[in-house]
Amino acid sequence: MDLIGWVIFLVALLFSVMLHETGHFVTAKKFGMKVTRYFVGFGPTIWSTRRGETEYGVKALPFGGFVKIIGMHSLDDVDDPADEPRSFRRQPAWQRIIVLCAGSFMHFVLAFLLIFGLALGIGIANQNTTQLGTISTCVAANLTQLNNGTCTASDQASPAKLAGLRVGDEVTAFNGTPVSNWTQLGNAIRRAPAGSPATITVKRDGQTLILHTTLAQVSGRSGAYLGIAPAVVFQVANPIRAAQYAGSSFGQVIVGSAKAVAALPGALPKLFSKDRGSTAAGQVSSVVGAAEATGAAVAANVGWQYKVSFVLLLVASLNIFVGVFNMLPLLPLDGGHVAVIVWERIRAWFARLRGRPDPGLVDMAKLLPVSFSIFLVLMFFGIVLVLADIVNPLNIGGG
């Protein structure tokens with residue numbers, strides 16, 4: 001585990017959470033709602049100050065943050081009855097919906113700017129090539145050492161090193177089967193039995209070479225191991241291309257996230273299996289897994305461009321996922337509260353059609369069992385994912 005990588009990820013995560021809360025805060029203030037607290041963290045208060053009617057502060061446990069808007073729903077008591085007209089629940093439905101959606105909107109803005117800035121400043125990475133960028137010197141004893149890129153004196157030399165592969169070689173075939181991109185090459189390596197002989201055809205300095213080796217096995221990792229990783233080429237984009245890249249990446253993350261969440265229930269049995277990475281369970285991870293991946297990327301023996309690109313794309317992807325997930329019409333998520341407001345307006349519309357008075361706010365007491373049940377389900381999946389990422393971490397990278 002790389003401590004610097006963990007710190008980078010956790011700081012980015014905390015910043016994202018507080019940006020989410022800032023979205024709620026700014027829009028609530030804009031519409032004249034009374035916001036009494038804006039805090040970073042939870043637990044005992046370390047420091048706070050009051051500006052106008054709002055208390056700003058920092059709490060001891062930096063695991064998120066919160067904004068307190070008075071009168072959020074029918075169960076939220078208002079301390080001073082004179083403030084009721086400024087409570088959240090008394091504002092027009094469209095204003096309440098904007099305030100609730102503002103948190104996810106901030107996630108989306110941050111993600112887009114990160115990807116856009118990455119394309120402009122560092123460039124768009126192309127690593128779906130068969131050109132070799134890294135040759136591992138050893139066969140790691142286990143998955144943890146593999147992710148950390150560490151070798152010990154007792155580790156055997158990697159099959160790639162024994163074959164004589166070099167950085168810059170372009171692989172054209174594996175075991176006689178032509179390959180034109182990294183996906184094909186990686187799949188071919190993983191499908192081959194560990195301990196079996198392998199033939200690698202490469203182009204080097206204009207010449208075609210045929211190299212031979214025996215594939216290895218890394219404990220805790222599915223498939224055979226050769227010990228290679230692709231070269232990454234970065235091409236700086238102009239603003240139009242950068243915007244297109246950010247937009248397409250945004251869409252890909254949304255589609256991928258939807259597929260991963262839909263597959264999660266069926267993937268649970270595979271979360272703790274050796275072949276997790278090759279199943280749907282390999283497409284989902286917890287905060288622990290994301291932090292581990294950040295640490296591994298920072299510690300990897302690769303260029304700074306790859307490290308920065310990996311971290312920024314990971315943080316952007318996390319923000320897109322959280323923003324979309326938060327808008328699902330499920331309590332206690334913001335999307336669930338939006339659904340309640342929409343139902344209130346539908347109910348009011350039907351009442352007007354029948355010449356009856358507006359039924360008013362939904363009784364949240366009746367929805368508490370539903371909200372609590374969904375919360376327990378989310379907690380269950382969250383805990384299972386964390387445990388899986390601790391005892392059966394995913395391997396990021398080469399073959």
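**Close-up 1. Strand 5 and strand 6 pair up antiparallel, joined by two bridges.** This is a predicted model, as are the views that follow. Strand 6 covers residues 177-178, and its Thr177 is the bridge partner of Phe174. The two strands make a hairpin with two residues between them. Look for Asn175 in this hairpin: its phi is positive, near 55 degrees.

**Close-up 2. Zooming out from the hairpin, we get an open sheet of four strands in the order 6-5-7-8.** The pairing is antiparallel. Strand 6 and strand 8 (207-214) sit at the edges, each pairing on one side only. Strand 5 (residues 170-174) meets strand 7 (residues 197-204) through four bridges, and here Val171 stands opposite Val202 of strand 7. On to the next pair: strand 7 and strand 8 share eight bridges, again in the antiparallel sense. Pro197 has Thr214 of strand 8 as its bridge partner. What holds such neighbours together in general? Strands of a sheet pair through backbone hydrogen bonds.

**Close-up 3. Cys138 and Cys151 form a disulfide, with 1.9 Å from S to S.** The count for the structure is one disulfide. Is it left-handed or right-handed? The torsion about the S-S bond of Cys138 and Cys151 is about -90 degrees, so the disulfide is left-handed. The two cysteines are 13 residues apart, and they sit in loops on either side of helix 3 (143-148): Cys138 in the loop between strand 4 (132-135) and helix 3, Cys151 in the loop between helix 3 and helix 4 (159-163). Their surroundings don't match: Cys138 is buried at 7% relative accessibility, while Cys151 is partly exposed at 41%. Another cysteine, Cys101, is partly exposed with 26% relative accessibility.

**Close-up 4. Val139 is tucked into the loop between strand 4 and helix 3.** Val139 has a relative accessible area of 7%, so it counts as buried. Its C-alpha atom is 7.7 Å from that of Gln217, although the two residues are 78 residues apart along the chain.

**Close-up 5. Phe42 and Phe66 make a stacked aromatic pair.** The search turns up twelve aromatic pairs. For Phe42 and Phe66, the ring centres are 6.0 Å apart and the planes are at 20 degrees, so the pair is stacked. Phe42 belongs to strand 1 (residues 35-51) and Phe66 to strand 2 (residues 54-69), so the pair ties together parts 24 residues apart in sequence. Both rings belong to partly exposed residues, with relative accessibility of 36% for Phe42 and 21% for Phe66. Elsewhere, Phe25, Tyr38 and Tyr56 gather into one aromatic cluster.

**Close-up 6. Asp83 and Lys34 meet in a salt bridge, at 2.7 Å from N to O.** The two residues are 49 residues apart: Asp83 is in the loop between strand 2 and helix 2 (93-121), Lys34 in the loop between helix 1 (3-30) and strand 1. Are these two buried or exposed? Both Asp83 and Lys34 are buried. Across the whole structure, the search finds nine salt bridges.

**Close-up 7. Asp76 and Lys68 form another salt bridge, this one with an N to O distance of 3.2 Å.** Here the partners fall on either side of the 20% cut-off for burial: Asp76 is buried at 11% relative accessible area, whereas Lys68, at 30%, is partly exposed. Glu84, Arg89 and Arg90 are also worth a look, since they are linked in a network of salt bridges.

**Close-up 8. Asp358 and Arg345 meet in a salt bridge with 3.5 Å from N to O.** Arg345 sits in helix 9 (334-353), and Asp358 in the loop between helix 9 and helix 10, 13 residues apart. Both are partly exposed, with relative accessible areas of 43% for Asp358 and 35% for Arg345.

**Close-up 9. A nonpolar patch lies on the surface, with about 880 Å² of accessible area together.** Its members are Phe272, Phe372, Phe375, Leu376, Met379, Ile383, Leu387, Ile390 and Val391. One of them, Leu387, is found in helix 10 (residues 364-391). Leu387 has a relative accessible area of 44%, so it counts as partly exposed.

Definitions and conventions:
Residues are numbered from 1 along each chain as its sequence is written. This is a predicted model: local features need pLDDT of at least 70, side-chain atom pairs count only at pLDDT 80 or more; totals for chains, interfaces and linings use all residues. Side-chain values use heavy atoms; hydrogens and water are left out. Patches are made of residues with over 30% relative accessible area and no salt bridge: like charges are joined within 9 Å, nonpolar side chains (Val, Leu, Ile, Met, Phe, Trp, Tyr) within 5 Å. Accessible areas come from the Shrake-Rupley method with a 1.4 Å probe; for residues, only the protein chains shown count as cover. A salt bridge is a side-chain nitrogen of Lys or Arg within 4 Å of a carboxyl oxygen of Asp or Glu. Buried means under 20% relative accessible area, exposed over 50%, partly exposed in between (1.4 Å probe, protein chains only). Two strands pair if DSSP finds at least two bridges between them. A disulfide is a pair of cysteine sulfur atoms within 2.5 Å. Rings of Phe, Tyr and Trp (its six-membered ring) pair if their centres lie within 6.5 Å; planes under 30 degrees apart count as stacked, over 60 as edge-to-face and the rest as tilted.
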